[in-house]
Amino acid sequence: MRVGGPAAYFAEPVTEEQLSKLLEWSQQGGLSHFILGNGSNVIFDDQGFQGLVISMRRFQNDLIKVDLDASRITVSAGVSLARLVRFCQESGLAGAEFLAQIPGTVGGALVMNAGFSRHSGQRNEIGDLVEEVRALKATGQPVHLSRSDLSFSYRHSNLSTYILLEATLTLWRRSKDQIQQEMTANLNFRKTNQDVHEPNAGSIFKNPGPPQPSAGALIDQAGLKGKRIGGIQISEKHANYFVNKGGATCADVVALIKEVQKTVFHATGITLEPEVRIISKN
Ligand SMILES: Cc1cc2nc3c(=O)[nH]c(=O)nc-3n(C[C@H](O)[C@H](O)[C@H](O)COP(=O)(O)OP(=O)(O)OC[C@H]3O[C@@H](n4cnc5c(N)ncnc54)[C@H](O)[C@@H]3O)c2cc1C
């Protein structure tokens, strides 16, 4: 979304050794750290972050291992979702197509339990595919989490206290053409419904869930499409997207979130819960 202040320290580790050294260094210096993926769903406070931000987007970002017999892949947390989906398509493994246009890394998608479906009432989420996860505890201690240790719900997981290193996903065999067709159908749907060109963070609010209308429909029905505070505006195309019209601040985003919550609550009694993560703790 291109808002928010700077980090005191910022690092992009490529190897596990570099990551461990960074954790050690921040602990020794008494610095807090924040693990970032691609930053697609995170908004930092205008004051910035007075600690170490560790971005995982370059972390082993081409590491994907495949076991075709078992229809299983093991993928680094730093791999982009676009690369993961392309790899699966080329390997004839289906199940991950819905992730193709979601900007971000595998690690961020796991923490957020990212998902998408062009069919209403259907939820495709990355959590459904996960067999196991390799991670570090915040202290740096390695840990293996098997399926029974993991819990996923709508845009939520029990993984946010870990530093994710890699995940094993179970997929299924399908022809490359059929996988490509599914990807193209998703792309066309998103182009029609969500094609937003200005800086944004995707959906700002979670959908309240059936039988309630989507968050976008509630915001639209409340007459808020196009509403602007400072540099931030509710998209004219998709009411659950906020777009940076230039010079927006985190304070503008927070003010617009509150304004939407207040207006929608008065109109419907529904409290919209943010999906984006606003990081203001220093
Ligand atoms: C245009 C647009 C469209 C979008 N469409 C969708 C959509 O259809 N569906 C959907 O679900 N989301 C969507 N999003 C939101 C976003 O892309 C997803 O939430 C994505 O999974 C975030 O990945 P990321 O790597 O950018 O994570 P970040 O935004 O960087 O981080 C998200 C969370 O994960 C944590 N995290 C990231 N990596 C790690 C790691 N390795 N270890 C531990 N914690 C980590 C962060 O601390 C943070 O809490 C969209 C966003 C945009 C901008």
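**Close-ups of a predicted model**

**View 1. Strands β8 and β9 sit side by side and run antiparallel.** DSSP counts 5 bridges joining β8 to β9; two strands pair if DSSP finds at least two bridges between them. Strands here are DSSP runs (E, at least two residues), and helices are too (H or I, at least four), all numbered from the N terminus. Look for A135, which stands opposite V143 in β9. The hairpin of β8 and β9 has 5 residues between the strands, and in it G140 takes a positive phi near 105 degrees.

A quick word on what you're looking at: this is a predicted model, where local features need pLDDT of at least 70, side-chain atom pairs count only at pLDDT 80 or more, and totals for chains, interfaces and linings use all residues. Residues are numbered from 1 along each chain as its sequence is written.

**View 2. Zoom out a bit, and β8 and β9 turn out to belong to an open sheet of 5 strands.** Reading across, the order is β5-β6-β12-β8-β9, with antiparallel pairing. The edge strands, β5 (64-67) and β9 (142-146), each pair on one side only. On average, neighbouring strands of this sheet are turned by 15 degrees against each other, direction ignored. Those angles are taken between axes, which are lines fitted to C-alpha atoms (for helices, over the stretch in contact), and they run from 0 to 180 degrees between N-to-C directions.

**View 3. Now follow β12 and its antiparallel partners, β6 and β8.** Strand β6 (residues 72-76) is joined to β12 by 5 bridges, and here T74 stands opposite T168. Strand β8 (residues 130-136) is joined to β12 by 6 bridges. One pair to find there is V133 with its bridge partner in β12, A167.

**View 4. Helices α2 (residues 81-91) and α4 (residues 176-194) cross at roughly 150 degrees.** Their axes come within 8 Å. Angles over 145 degrees count as roughly antiparallel (under 35 is roughly parallel, 65 to 115 roughly perpendicular, the rest oblique), so α2 and α4 are roughly antiparallel to each other. On the α2 side, V85, Q89 and E90 make the contact, and they meet K176, I179, Q180 and M183 of α4. Being in contact means that the C-beta atoms, placed from the backbone, lie within 7 Å. Sorted by class, the residues of this contact are 3 nonpolar, 2 polar and 2 charged. For the classes, Ala, Val, Leu, Ile, Met, Phe, Trp, Tyr, Cys and Pro count as nonpolar, Asp, Glu, Lys and Arg as charged, and the others, Gly among them, as polar.

**View 5. Domain 1 (7-55) touches domain 2 (64-190).** These bounds come from an automatic or database domain assignment, which also gives domain 3 (215-279). The C-alpha centres of domain 1 and domain 2 lie 23 Å apart, and 9 residues of domain 1 are in contact with 9 residues of domain 2. Helix α1 (residues 16-28) gives the most to domain 1's side, with 4 residues. That side has 2 nonpolar, 5 polar and 2 charged residues.

**View 6. Here's the ligand, with 30 residues surrounding it.** A residue counts as near if its C-beta atom, placed from the backbone, lies within 6 Å. The closest are G37, G104, G107, G108 and G202. The largest share of the shell, 5 residues, comes from α3. By class, the shell divides into 16 nonpolar, 13 polar and 1 charged. Domain 1 and domain 2 each supply at least three of its residues.

Key:
Contact = placed C-beta atoms within 7 Å.
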